[in-house]
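Got your viewer open? Load the model, get comfortable with the selection tool, and follow along stop by stop.

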Amino acid sequence: MLTVRSFNADWSSPELIWIPGEKFSSYALNVTHLVLPPGELWFCRIFNLTLPHIKDEALRTQVKGFIGQEGAHARGHRDALAVYEANGWDFSESKARLNGIFGRLLGEKVFGRFEVTGKQALRWLRFRLSIVAAVEHVTCVLGTWMINNTELEALGANQQMVDLLKWHGAEEVEHRTVAHDVYVAIGGSNVLRILMTVPVMFLILLTWKRGTQVFISQDKSGPQRYGFKAYRRAAKLGYLPGLGLLFKAFLRYFRWNYHPHSEGSPELAAHTLRELEPERV
């Protein structure tokens with residue numbers, strides 16, 4: 001059974017560049033605060049739609065826990081983003097674009113245009129679940145990277161930000177199997193799952209690149225662009241996940257017999273969550 005937790009933090013004395021001397025890494029990891037709240041609330045809506053189709057009571061219980069955890073993640077990252085907004089940063093254009101994607105393009109109408117009912121509605125739900133399952137694979141991989149990360153704290157990164165990312169990462173590992181199991185339970189095929197891998201992974205990378213630029217462009221005190229060299233340096237130092245990690249995860253998802261129970265360490269995730277209690281969660 002999944003436990004729904006909230007993240008407790010005092011953001012009254014913010015550090016906007018929260019990784020000392022590492023603007024690019026700070027902004028790249030800040031994309032979680034911008035992109036994840038609308039995405040995770042969309043996950044919640046999709047999973048609420050799956051409940052009438054799930055007969056297994058144990059899986060229904062897991063889905064309800066997943067919805068609670070994803071909602072808490074959205075609130076935690078929204079609070080962190082509010083720190084920047086309180087300092088005059090404007091994310092309204094990005095928020096409107098993301099809300100359009102999740103609310104309209106991936107809403108109840110197919111690509112925001114076509115009404116569907118009956119079997120067609122179930123197929124559209126299954127298609128959207130294939131996206132959620134692929135994203136959850138990536139978030140589990142990134143969550144594992146985060147809870148294993150020691151370089152950020154060693155550099156003196158803001159502890160609240162580190163704890164927020166570790167809490168979220170640990171819960172991604174904790175509920176890593178739910179999206180996949182729900183997708184299979186409502187008739188999702190390996191063919192669709194594998195076919196969705198390439199576009200979903202591409203869109204995640206594109207979203208992260210653009211989201212990072214949104215933060216960079218609002219900081220008038222530094223460079224307005226950072227090239228791939230900056231990313232490669234940060235990844236090598238352990239401040240960002242490397243492309244090798246992501247590429248290996250991408251390949252694993254292509255396996256016909258893939259199941260996320262082999263991803264991450266639930267024991268390490270549980271240990272991380274215990275360490276954060278009672279101060280943070």
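Is F111 buried, exposed or partly exposed? Select F111 and show its surface: with a relative accessible area of 39%, F111 is partly exposed. Keep in mind that you're looking at a predicted model. To find your bearings, F111 is in the loop that links α3 (92-105) and α4 (118-148). There's something curious about its backbone, too: F111 isn't a glycine, yet its phi is positive, at about 50 degrees.

**Next stop: α4 and α7**

Now select α4, along with helix α7 (residues 178-185). Their axes come within 8 Å and cross at roughly 155 degrees. Angles over 145 degrees count as roughly antiparallel, and α4 and α7 are therefore roughly antiparallel to each other. The crossing of α4 past α7 is left-handed. Show the side chains where they meet: R126, L129, S130, V132, A133 and E136 on the α4 side, and A179, H180, V182 and Y183 on the α7 side. Sorted by type, the residues of this contact are six nonpolar, two polar and two charged.

**Into the core**

Click on F47 next. Leaving out residues up to four places away in sequence, F47 touches V63, F66, I67, L129, V132, V178, A179 and V182. Which residues have the most contacts inside the largest nonpolar core? They are W18, F47 and V63, in a core of 76 residues.

**Over to N158**

Select N158, in the loop between α5 (151-155) and α6. N158 counts as buried, because its relative accessibility is 11% and the cut-off for buried is under 20%. Among residues further than four places away in sequence, N158 touches W11, E15 and W18. Now try the distance tool from N158 to L125: they're 33 residues apart along the chain, and their C-alpha atoms are separated by 40 Å.

**Last stop: α2 and α6**

Finish by selecting helix α2 (residues 57-86) and helix α6 (residues 159-174). Here the axes come within 11 Å, crossing at roughly 160 degrees, and α2 and α6 are therefore roughly antiparallel to each other. Look along the pair and you'll find that α2 passes α6 in a left-handed crossing. On α2, the residues to colour include Q69, H73, G76 and Y84, while those they face as a group on α6 include M161, W167, H168 and E171. The full contact of α2 with α6 divides into seven nonpolar, five polar and four charged residues.

Terms used. Residues are numbered from 1 along each chain as its sequence is written. This is a predicted model: local features need pLDDT of at least 70, side-chain atom pairs count only at pLDDT 80 or more; totals for chains, interfaces and linings use all residues. Side-chain values use heavy atoms; hydrogens and water are left out. Axes are lines fitted to C-alpha atoms, for helices over the stretch in contact, and angles run from 0 to 180 degrees between N-to-C directions. Helices (H or I, at least four residues) and strands (E, at least two) are DSSP runs, numbered from the N terminus. Angles under 35 degrees count as roughly parallel, over 145 as roughly antiparallel, 65 to 115 as roughly perpendicular and the rest as oblique. A crossing is left-handed if the near helix is turned anticlockwise from the far one by less than a right angle, and right-handed if clockwise. Contact means heavy atoms within 4.5 Å. Ala, Val, Leu, Ile, Met, Phe, Trp, Tyr, Cys and Pro count as nonpolar, Asp, Glu, Lys and Arg as charged, and the others, Gly among them, as polar. A nonpolar core is a set of buried Ala, Val, Leu, Ile, Met, Phe, Trp, Tyr and Cys residues joined through side-chain atoms within 4.5 Å. Buried means under 20% relative accessible area, exposed over 50%, partly exposed in between (1.4 Å probe, protein chains only).
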